[in-house]
Protein chains: 4
Amino acid sequence: MKFSFKNDYSEGCHPRILQSLLEHNLDQQAGYGEDNYSFEAKALIKEKIKRNFSEVYFVSGGTQANLIVISSILRPHQCVVSASTGHILNNETGAIEATGHKILSIEKEDGKLNPSDIIPVLENHKNVPHQVMPKLVYISNSTELGTVYTLKELEELSAFCKNNNLYLFMDGARLGHGLTSEISDLTLEKVAELTDVFYLGGTKNGALIGEAIVINNQELQQDFAFNIKQKGALLAKGRLLGIQFLELLKDDLYFDLARHANVQAMKMKNAMKERGMQFLSETFTNQIFPILKNDLILKLSEKFEFYIWKKIDENSSAIRLITSWNTGDKAVNDFIEIIKSEL
Amino acid sequence: MKFSFKNDYSEGCHPRILQSLLEHNLDQQAGYGEDNYSFEAKALIKEKIKRNFSEVYFVSGGTQANLIVISSILRPHQCVVSASTGHILNNETGAIEATGHKILSIEKEDGKLNPSDIIPVLENHKNVPHQVMPKLVYISNSTELGTVYTLKELEELSAFCKNNNLYLFMDGARLGHGLTSEISDLTLEKVAELTDVFYLGGTKNGALIGEAIVINNQELQQDFAFNIKQKGALLAKGRLLGIQFLELLKDDLYFDLARHANVQAMKMKNAMKERGMQFLSETFTNQIFPILKNDLILKLSEKFEFYIWKKIDENSSAIRLITSWNTGDKAVNDFIEIIKSEL
Amino acid sequence: MKFSFKNDYSEGCHPRILQSLLEHNLDQQAGYGEDNYSFEAKALIKEKIKRNFSEVYFVSGGTQANLIVISSILRPHQCVVSASTGHILNNETGAIEATGHKILSIEKEDGKLNPSDIIPVLENHKNVPHQVMPKLVYISNSTELGTVYTLKELEELSAFCKNNNLYLFMDGARLGHGLTSEISDLTLEKVAELTDVFYLGGTKNGALIGEAIVINNQELQQDFAFNIKQKGALLAKGRLLGIQFLELLKDDLYFDLARHANVQAMKMKNAMKERGMQFLSETFTNQIFPILKNDLILKLSEKFEFYIWKKIDENSSAIRLITSWNTGDKAVNDFIEIIKSEL
Amino acid sequence: MKFSFKNDYSEGCHPRILQSLLEHNLDQQAGYGEDNYSFEAKALIKEKIKRNFSEVYFVSGGTQANLIVISSILRPHQCVVSASTGHILNNETGAIEATGHKILSIEKEDGKLNPSDIIPVLENHKNVPHQVMPKLVYISNSTELGTVYTLKELEELSAFCKNNNLYLFMDGARLGHGLTSEISDLTLEKVAELTDVFYLGGTKNGALIGEAIVINNQELQQDFAFNIKQKGALLAKGRLLGIQFLELLKDDLYFDLARHANVQAMKMKNAMKERGMQFLSETFTNQIFPILKNDLILKLSEKFEFYIWKKIDENSSAIRLITSWNTGDKAVNDFIEIIKSEL
């Protein structure tokens with residue numbers, strides 16, 4: 001059996017979650033998120049971000065979180081601005097457009113948006129009423145390419161959005177990995193302070209399912225729950241989400257798991273860097289994109305599963321390796337062994 | 001702690017499911033429903049309905065199943081026909097309309113549709129192109145009122161739909177309860193034969209989440225998966241759904257659980273009937289609607305939770321009692337005890 | 001050639017409109033409603049309603065006006081409340097649902113809504129977040145049945161809506177006929193004062209096309225033009241709408257035309273009443289619904305076109321007669337002649 | 001009063017149209033496009049394209065035509081492919097996305113698509129079901145930049161679409177100008193043969209309003225009228241559209257008007273070319289984009305209105321000049337006079 005570096009959702013969930021599900025399994029609870037576990041988990045998140053007036057909602061996945069947040073916020077003529085690598089642009093089967101909203105794409109190699117990227121988009125959308133109105137800026141952290149926002153970058157973007165009457169929404173499907181990256185100086189508290197809405201992704205960080213949407217801008221909280229229900233995302237057994245987030249967050253397991261994934265990726269990255277290997281881009285989270293000789297790729301593929309990301313030339317390609325909360329030392333060491341065996 | 005008869009999703013899940021989740025937890029599997037458990041569970045369902053050319057898709061809940069099925073099938077000008085009690089009409093926050101489609105409501109006391117209900121709707125929608133075109137008939141079994149379709153009724157409705165170029169879609173959130181009702185002569189195989197699409201509900205019958213959509217009409221299978229993804233319903237860890245349905249179906253646990261719930265409800269129903277108590281309507285599944293004196297209701301509410309369904313007169317009301325796969329004999333006996341203590 | 005009483009849009013337009021189109025035909029004007037005629041017509045409407053802060057927008061037809069107004073105002077989870085006879089419910093091919101919003105229908109024989117009709121709808125939609133939220137009340141004046149609102153009725157409905165945080169929107173496809181009905185004590189100024197949005201219909205009152213949407217609630221004005229454009233309703237040659245409304249409104253031609261239509265209908269009504277004929281309902285606008293013997297209907301149909309509205313019994317049916325700005329005395333007299341010839 | 005070269009919809013309509021409206025004004029006709037004029041106009045179009053089995057529908061404007069055609073054809077997960085200059089991408093306030101469909105943009109300087117542009121888009125959208133499915137290719141002729149398709153180009157594109165199971169839809173808002181361009185070898189008949197759907201634009205070629213949608217692919221005709229009604233585009237007085245197209249088409253007035261506009265533009269273009277002036281791109285229809293010194297632009301703007309299209313450098317800019325069916329020789333000569341007066 002090959003070990004898979006294809007993604008961070010190949011396994012079930014962290015054992016503590018299953019343990020907690022077992023423990024509380026036969027307690028009777030109210031449905032639709034009115035269970036005690038959900039209440040506790042929400043309170044815990046608010047405590048961690050030190051914002052009691054924020055509101056927390058649990059849904060099962062990232063595409064669901066994105067489409068519900070965006071369609072709930074925007075009026076029909078308003079649109080989203082996203083980096084060209086944005087998950088909503090390429091990997092969600094037009095989920096946002098299906099709710100009626102255009103996404104304006106900004107070509108970015110590093111997957112991150114800054115004010116100077118957005119200014120020309122605003123300039124080019126002033127032909128009222130013949131064009132959509134940019135109203136929400138969508139960013140991911142860590143991004144789809146594994147890069148992260150610094151505190152300063154997020155502060156600048158946040159201030160720019162406020163000044164331009166734009167909402168700022170952070171897709172946090174891999175927020176744990178972003179915040180625990182060795183180069184990140186951003187904190188969960190700061191994310192909450194600087195965004196209108198963000199979510200804490202569980203699915204890619206040890207949960208079976210689940211993203212915790214946090215709405216910091218109080219204007220955007222009103223009636224949000226209706227949209228969760230309308231889009232089919234309100235679980236009858238909301239306890240499943242509550243229990244998971246409670247377990248993940250109660251002693252920072254969430255961040256430990258993400259940090260572990262990052263550390264394992266960095267070990268592999270460093271091993272390859274020591275051998276002089278190049279990368280498509282330098283990342284400091286659980287996604288790395290080494291450029292390897294085809295022979296080596298073939299050799300690695302005998303023991304590991306991963307995606308060939310991009311052909312570089314006749315002899316080499318970039319591959320994508322993703323580590324997870326469950327990537328053990330054995331897999332990492334075995335991988336490094338093969339790398340080291342290269343002359 | 002009061003025992004709750006409020007609904008059939010108050011507990012977690014059947015212990016065998018948690019056991020199976022534990023057992024397979026750390027196996028690496030492909031994402032998005034391409035895992036082995038999902039493949040096996042789908043094969044098992046096809047085997048049970050004896051229709052290899054049907055296609056099976058798992059989603060997390062009933063509203064999600066309803067909106068994806070309906071929006072995938074209908075063209076923009078086409079609409080749904082439903083009994084006035086239909087879940088899609090009153091309990092899904094306009095989920096169907098949010099995908100662009102009108103629902104025509106037919107007033108029915110028993111929650112069931114038959115051809116003579118639909119004929120006048122078709123008659124009244126012939127002013128082309130000024131009116132929506134009825135194209136899909138939505139039914140539930142068991143219904144939202146706990147009633148069930150007989151084989152003959154479903155055969156007639158199915159033939160009528162075929163003759164009138166209408167699709168027939170059965171909401172099976174409580175299909176287990178419908179099929180295992182003591183008065184049902186319908187089988188899963190027949191349901192598959194007589195509908196274009198139906199689903200097997202897991203959430204209300206022992207799963208944590210999950211409904212298994214079965215598309216029998218091959219014309220409607222094409223590209224269906226795109227719509228699951230677009231509506232945010234494609235779980236990264238599809239294994240969670242696969243494992244559950246595999247466990248529920250592999251030795252008919254699914255039907256055993258539903259039958260158990262029905263039996264428990266019937267015990268309570270019979271105890272009340274023996275005491276001469278009336279019911280809002282006679283049902284043979286896990287939902288019963290006894291009409292009780294307010295004093296008795298008060299007394300019951302000291303030990304049990306349930307919904308007051310409808311005020312009947314100054315002295316009495318109908319209540320709704322729902323039993324589940326996990327409603328034990330103690331709760332039932334305690335309830336009956338109180339009933340019997342009434343003079 | 002038979003004379004048609006089928007509807008009020010059988011002819012082209014009032015000759016003064018064509019005259020004005022001719023006169024200004026080759027003037028160059030800015031596009032998309034930025035022409036002088038549109039500006040003047042809008043100013044004239046604001047003057048007539050004595051509300052300078054209202055905003056006026058022209059679109060080409062009633063369904064278009066309805067769908068743009070409603071989809072612009074409502075958030076995704078909010079819905080419309082309408083009498084069961086509402087044009088949006090039965091005659092617009094699901095146009096409102098196609099923008100994502102449910103319409104709750106209230107069964108009414110006279111086509112008019114009052115607070116006591118709406119109260120139970122609000123009562124029955126409190127299961128947050130499982131049901132749509134009623135947010136906009138849609139009424140027509142004159143209604144689809146030819147009935148009209150009195151000042152008192154509209155005042156009560158308006159106050160009720162304000163108190164319940166509901167918007168009030170009046171479909172005025174036949175507003176001229178409503179306001180000039182002999183029994184109406186409502187004025188255009190009062191309509192503007194008591195509604196959040198209404199429109200003045202041109203198509204059914206002498207224009208080629210055109211409805212003038214008037215938004216009185218300033219909160220609802222923001223960005224409205226975007227939605228007109230997005231729904232394909234912003235005419236490049238907005239002058240066509242501006243010139244028509246300017247001509248219709250500049251010396252109250254609009255009301256003269258509507259009054260004429262009403263008067264012609266009342267002549268026919270009175271002739272039939274004098275002969276003891278019954279009506280499906282008593283109306284005082286340009287739509288009348290006499291119940292006639294089939295023999296007489298046959299005889300009338302040799303000279304006139306009209307719709308058979310409803311079978312009453314084996315020997316008689318109700319027919320619908322609609323008069324227009326262009327229904328001349330000859331047609332009316334010929335019709336009355338036949339009525340009188342009945343013994 | 002300055003003469004405007006800003007667009008081709010500054011005036012009312014060709015006088016013959018008003019004459020015909022006057023002549024038929026008081027004839028009673030059936031509503032909603034069931035009038036004799038519409039029937040005749042449709043028959044005339046089918047005759048001209050020699051395709052009796054094509055179907056013709058009239059709507060009032062281009063955005064409306066685009067959104068109705070596209071939303072009628074596509075299933076929810078399917079999307080449009082367009083050149084980056086496409087009207088639907090930049091100038092319709094997200095009208096297509098508002099119906100639920102993404103538009104994939106292909107960067108093109110000349111505004112035209114060919115198979116090699118589309119191949120990589122298809123290649124990059126094979127990650128089923130995580131991405132939208134390209135299904136309809138949208139092109140304009142003449143394009144938004146004034147360029148035109150040759151017969152060979154359209155044949156290749158058409159064959160490519162057929163081979164790849166894509167529909168081909170031509171926006172013909174300026175189809176007259178495209179087909180009567182001095183460099184065009186394409187005919188209306190060929191357009192009908194090579195596209196699934198196209199439309200003949202009236203608004204920009206002498207009509208008050210109106211586009212004639214022609215559906216050549218019989219599979220796409222079914223129930224199309226419902227969508228026209230649902231989107232608010234079915235005029236009660238369809239005669240307004242019928243009369244205009246009848247008049248425009250009955251002796252090829254439509255093509256004469258377009259040719260006239262082209263000729264006037266070419267006169268101005270040639271005068272500028274003779275003086276050695278450059279153009280942003282060379283066009284052969286009624287839109288030209290000369291690059292002029294700022295001094296000259298200033299001088300021209302004293303007598304003419306036009307858009308500054310793009311700044312070229314400190315001293316010069318490109319302007320956009322559009323001629324129309326009503327651009328007389330005086331305006332053209334006055335313009336050329338100023339050009340010639342330059343040294």
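This passage describes the sheets of chains A and C and the contacts that chain B makes with each of these chains in a predicted model.

The sheet of chain A is a good place to start. Seven strands, given as 7 in the strand count, form an open sheet of mixed pairing, and their order is E2-E8-E7-E6-E5-E3-E4. Strand E2 (55–59) and strand E4 (103–106) of chain A each have a single partner strand, so one side of each of these edge strands has no neighbour in the sheet. On average, neighbouring strands are turned by 25° against each other, with direction ignored. Within this sheet, strand E6 (residues 167–171) and strand E7 (residues 197–201) of chain A run parallel and are joined by 2 bridges. One residue pair can be picked out here: Phe169(A) has Val197(A) in E7(A) as its bridge partner. Two helices that pack on the sheet can be added to this picture. Helix H7 (residues 151–163) of chain A touches strand E5 (133–140) and E6, and its direction makes about 140° with that of E6(A). H11(A), in turn, touches E2, E7 and strand E8 (211–215) of chain A, at about 115° to the direction of E2(A).

Chain C can be read in a similar way. Its open sheet holds 7 strands in the order E2-E8-E7-E6-E5-E3-E4, again with mixed pairing. At the edges are strand E2 (55–59) and strand E4 (103–106) of chain C, each of which pairs on one side only. From one strand to the next, the twist averages 25°. A parallel pairing over 5 bridges links strand E3 (residues 78–83) with strand E5 (residues 133–140) of chain C; in this pairing, Val80(C) has Leu136(C) in E5(C) as its bridge partner. Helix H11 (residues 239–249) of chain C lies across E2, strand E7 (197–201) and strand E8 (211–215), and runs at about 115° to E2(C).

Attention now turns to the interface of chains A and B. Here 47 residues of chain A are in contact with 47 residues of chain B. The buried area is about 4000 Å², with carbon and sulfur atoms giving 57% of it. The rule finds 0 salt bridges across this interface, but 24 residue pairs are in polar contact, both residues being at pLDDT 80 or more. Several elements of chain A each supply at least two residues to the side that touches chain B, among them strand E1 (3–4), helix H3 (62–73) and helix H10 (224–230). The largest share, 4 residues, comes from H1(A). Sorted by class, this side of chain A has 21 nonpolar, 18 polar and 8 charged residues.

The interface of chains C and B takes 19 residues from chain C and 19 residues from chain B. About 1300 Å² is buried between them, and carbon and sulfur atoms give 44% of this area. In chain C, the residues that lose the most area to chain B are Thr93(C), Glu97(C) and Lys102(C), together 42% of what that side buries. This interface has 2 salt bridges. Lys102(C) also forms a salt bridge with Glu97(B), in which the closest N and O atoms are 2.8 Å apart. In addition, 12 residue pairs are in polar contact across the interface, with both residues at pLDDT 80 or more. Helix H4 (87–90) and helix H5 (95–98) of chain C each supply at least two residues to the side that touches chain B, and H4(C) gives the most, with 3 residues. By class, that side comprises 6 nonpolar, 10 polar and 3 charged residues.

Key:
Residues numbered from 1 in each chain as written. Chains lettered and ligands numbered in written order. Predicted model: local features only at pLDDT ≥ 70, side-chain atom pairs only at ≥ 80, totals over all residues. Heavy atoms only, no water. Pairing = 2+ DSSP bridges. Axes fitted to C-alpha atoms, helices over the stretch in contact; angles between N-to-C directions. Contact = heavy atoms within 4.5 Å. Buried area = accessible area lost by both parts, 1.4 Å probe. Salt bridge = Lys/Arg side-chain N within 4 Å of Asp/Glu carboxyl O. Polar contact = N/O pair within 3.5 Å; in protein donor to acceptor, adjacent residues only side chain to side chain. Nonpolar A, V, L, I, M, F, W, Y, C, P; charged D, E, K, R; others polar.
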